[in-house]
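Could you walk me through this structure, one selection at a time? I have it open in my viewer and would like to know where to click next.

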Amino acid sequence: MPASQELVPQTESIAEVYATDNASVASVAPEHQQRWAALVSQFNKTYNHRPDFVARSPGRVNIIGEHIDYSLYDVLPTAVSVDVIMAVKVVPASASGTTIKIANVSPEKFPTREFSVPHDTDIEIDPKKHEWINYFKAGLQGALKFLREHKSDGSLVPTSMEILVDGNVPPGGGISSSAAFVCASALAVMKANNHNVSKQDLLDLAVVSERAVGVYSGGMDQAASIFSKRGYLLYTQFFPQFKAQHVPIPTAAEEITFLMAQSFVTSNKADTAPRHYNLRVAECTLAAVILAKHFGLTLPKDNSSLGYSLRNFQQQLMIKEERLQDPLEYQIDSVIQAVQDLLTQEQGYTREEMAQLLGITVAELESTYLSAFPVQADRFLLRQRALHCFKEARRVLDFTACLAKSSQLDEKRIQYLGQLLNESQESCRTAYDCSAPEVDDICAIARRAGTWGSRLTGAGWGGCTVHMLPQSKVEAVTNALRDEYYLKKFPDISAEKLQQAMVISKPSNGSFLVTGA
Ligand code: NG1
Ligand code: MG
């Protein structure tokens with residue numbers, strides 16, 4: 001690990017800040033202090049008393065490493081300053097049961113809800129019914145399961161809660177409003193039930209919780225939301241276990257800036273997952289087991305959502321070839337070669353073809369790899385997906401190594417970083433097929449106006465883009481995007497929406513709690 005990178009202590013508890021005067025919460029960015037004060041005062045009006053604490057978790061932007069977290073490859077995201085803040089009053093549970101009252105600062109969009117929590121079974125979440133409190137329920141369910149497992153007799157009477165939520169992460173916008181919501185919810189439930197949760201435990205339960213909403217996500221969003229540190233990127237590893245390092249952004253002759261631009265094309269993951277997100281998870285898993293079969297390898301189960309990842313395949317191949325000591329870059333180059341030689345069908349593979357390659361029946365293939373969640377496809381593009389994954393993993397290594405080389409970046413290195421971002425976008429567009437014409441458009445406009453590199457960030461199929469550019473080009477790039485994308489595509493766009501469309505993303509702090517507010 002380069003000396004400049006700092007290992008993150010995972011067992012550390014979530015930071016708790018004590019505020020006597022809510023407006024002076026040190027960890028809250030000055031531009032958000034008013035929002036915090038407003039949350040507390042509206043809580044007061046809604047419930048006629050002050051909250052006991054506020055739990056917060058931010059959205060994230062992924063700088064590079066797209067769609068590879070669930071294949072257990074390293075990624076490089078960071079938290080952004082938009083977040084979910086949740087004011088909470090703990091109410092002792094009564095004999096009649098545990099009740100959650102949850103309101104939002106925008107009740108027209110997110111109506112107030114009240115529900116009771118069973119003491120010995122899971123709460124019900126219907127992923128098909130889109131309800132804003134589903135993500136709260138997901139966090140609640142994960143936290144209660146954790147608390148029950150940590151009680152010696154497994155019993156738990158969860159406390160009742162009064163909650164007021166304010167979230168300003170754009171939903172469906174590729175910067176992970178969902179992870180911010182689930183992490184803040186789980187953290188709030190833990191605190192309300194008197195448990196000082198560690199960052200690692202919060203991560204583990206938040207990742208599993210979010211899957212309750214029907215998406216087989218990796219762990220990148222929750223890791224970034226929980227572990228990030230202001231001013232740093234978060235180098236996040238998932239294999240063989242989770243590990244995170246804070247990576248400083250080096251200085252350069254011109255300050256390096258990251259700009260996020262929304263496409264305002266939303267892809268609702270809960271609806272599209274069978275054809276998009278979950279299908280990609282299945283394709284990567286099937287590529288891993290089919291490659292392993294070619295080499296006569298038995299993959300041990302790993303902690304990816306379906307249990308067999310491309311990273312795991314790489315590891316087993318290197319063990320077999322006695323090359324585990326090789327630099328990771330060389331190892332990845334070998335698995336890229338393996339895909340090129342062995343997964344030759346450009347047109348994809350049918351269920352029958354994959355079952356035959358694995359020496360199993362189609363029914364076995366479906367029950368092992370395609371039944372944990374719905375997947376709709378006739379052909380599985382194993383070659384393209386695996387190539388994207390391995391090459392993107394390689395780009396993450398190259399990008400991080402370049403950042404770590406020196407604390408001052410020269411123009412040549414900056415150009416190289418930008419090139420890696422552009423290559424990532426090209427691979428998402430073609431090999432992974434997770435871009436959208438609007439996203440491609442935004443990237444092209446931004447590059448013409450002076451970014452070093454531009455790409456989609458998050459799951460894609462719309463959503464958000466991220467751009468690396470010199471501070472001096474911010475105005476030219478935002479003007480170009482305004483004139484050539486937003487005003488053209490949405491002629492009636494409001495000034496407010498236009499302002500939200502493009503944000504300079506400053507790497508921000510991860511989750512924390514504020515008490516005494
Ligand atoms: P979004 O949809 O942007 O929150 C998703 C996954 C990530 C990761 C990225 C693609 C969830 C919660 N998150 O992010 O784990 O796989 O896509 O890199 O599904
Ligand atoms: Mg999400």
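Start by selecting helix 4 (residues 199–211) and helix 5 (residues 220–227), which pack at an angle of about 145° with their axes 9 Å apart. Keep in mind throughout that you are looking at a predicted model. The crossing of these two, helix 4 and helix 5, is right-handed. To see the contact itself, show the side chains of Lys199, Leu202, Leu203, Ala206, Val207 and Glu210 on helix 4, which meet Gln222, Ala223, Ile226 and Phe227 on helix 5.

For another helix pair, select helix 9 (residues 328–342) together with helix 12 (residues 382–405). Here the angle is about 165°, and the axes lie 10 Å apart. Helix 9 and helix 12 are therefore roughly antiparallel to each other. Their contact is built from Leu328, Glu329, Ile332, Val335, Ile336 and Val339 on helix 9, and from Arg383, Ala386, Leu387, Phe390, Lys391, Ala393, Arg394 and Leu397 on helix 12. The crossing of helix 9 and helix 12 is left-handed.

Next, go to the core. Select Met86 and Leu187: within the largest nonpolar core, which has 151 residues, these two touch the most other members. Now add helix 3 (residues 177–192), which supplies the largest share of this core with 12 residues. As background, nonpolar side chains in soluble globular proteins tend to be buried together. Centre the view on methionine 86 and, setting aside neighbours within four places in sequence, you will find it in contact with Val54, Ala55, Ile163, Val165, Ala184, Ser185 and Ala188.

Stay in this region and click on serine 176, in the loop between strand 7 (160–167) and helix 3. What is the sign of phi at serine 176? Phi is positive there, about 65°, although the residue is not a glycine. For context, most residues other than glycine have a negative phi, and most peptide bonds are trans. Is serine 176 buried or exposed? It counts as buried, because 34 C-beta neighbours lie inside 10 Å, where 20 or more are needed.

A second residue of this kind is tryptophan 461, whose phi is near 55°, again a positive value in a residue other than glycine. Look for tryptophan 461 in the loop between strand 13 (453–457) and strand 14 (464–470). Tryptophan 461 is buried, with 23 other C-beta atoms within 10 Å.

Now for two prolines. Select proline 240 in the loop between strand 8 (232–237) and strand 9 (243–248), and include phenylalanine 239 before it. The peptide bond from phenylalanine 239 to proline 240 is cis, with omega near -5°.

Then move to proline 274, in the loop between helix 6 (269–272) and helix 7 (277–294). Proline 274 is partly exposed, with 15 other C-beta atoms within 10 Å. Beyond residues up to four places away in sequence, proline 274 touches Leu279, Pro374, Val375 and Gln376. If you would like to try the distance tool, pick the C-alpha atoms of proline 274 and phenylalanine 115, which are 159 residues apart along the chain and separated by 30 Å.

Finish with helix 13 (residues 411–429). Its 19 residues reach 27 Å from the first C-alpha to the last, close to the 27 Å expected at 1.5 Å a residue. Colour Ile414, Leu417, Leu420, Leu421, Ser424, Gln425, Ser427 and Cys428 to pick out buried positions in helix 13.

Notes. Residues are numbered from 1 along each chain as its sequence is written. Chains are lettered from A and ligands numbered from 1 in the order in which they are written. This is a predicted model: local features need pLDDT of at least 70, side-chain atom pairs count only at pLDDT 80 or more; totals for chains, interfaces and linings use all residues. A nonpolar core is a set of buried Ala, Val, Leu, Ile, Met, Phe, Trp, Tyr and Cys residues joined through C-beta atoms within 7 Å. A residue is buried if 20 or more other C-beta atoms lie within 10 Å of its own, exposed if 12 or fewer, and partly exposed in between; C-beta atoms are placed from the backbone. Helices (H or I, at least four residues) and strands (E, at least two) are DSSP runs, numbered from the N terminus. Two residues are in contact if their C-beta atoms, placed from the backbone, lie within 7 Å. The expected span of a helix is 1.5 Å times one less than its number of residues. Axes are lines fitted to C-alpha atoms, for helices over the stretch in contact, and angles run from 0 to 180 degrees between N-to-C directions. Angles under 35 degrees count as roughly parallel, over 145 as roughly antiparallel, 65 to 115 as roughly perpendicular and the rest as oblique. A crossing is left-handed if the near helix is turned anticlockwise from the far one by less than a right angle, and right-handed if clockwise.
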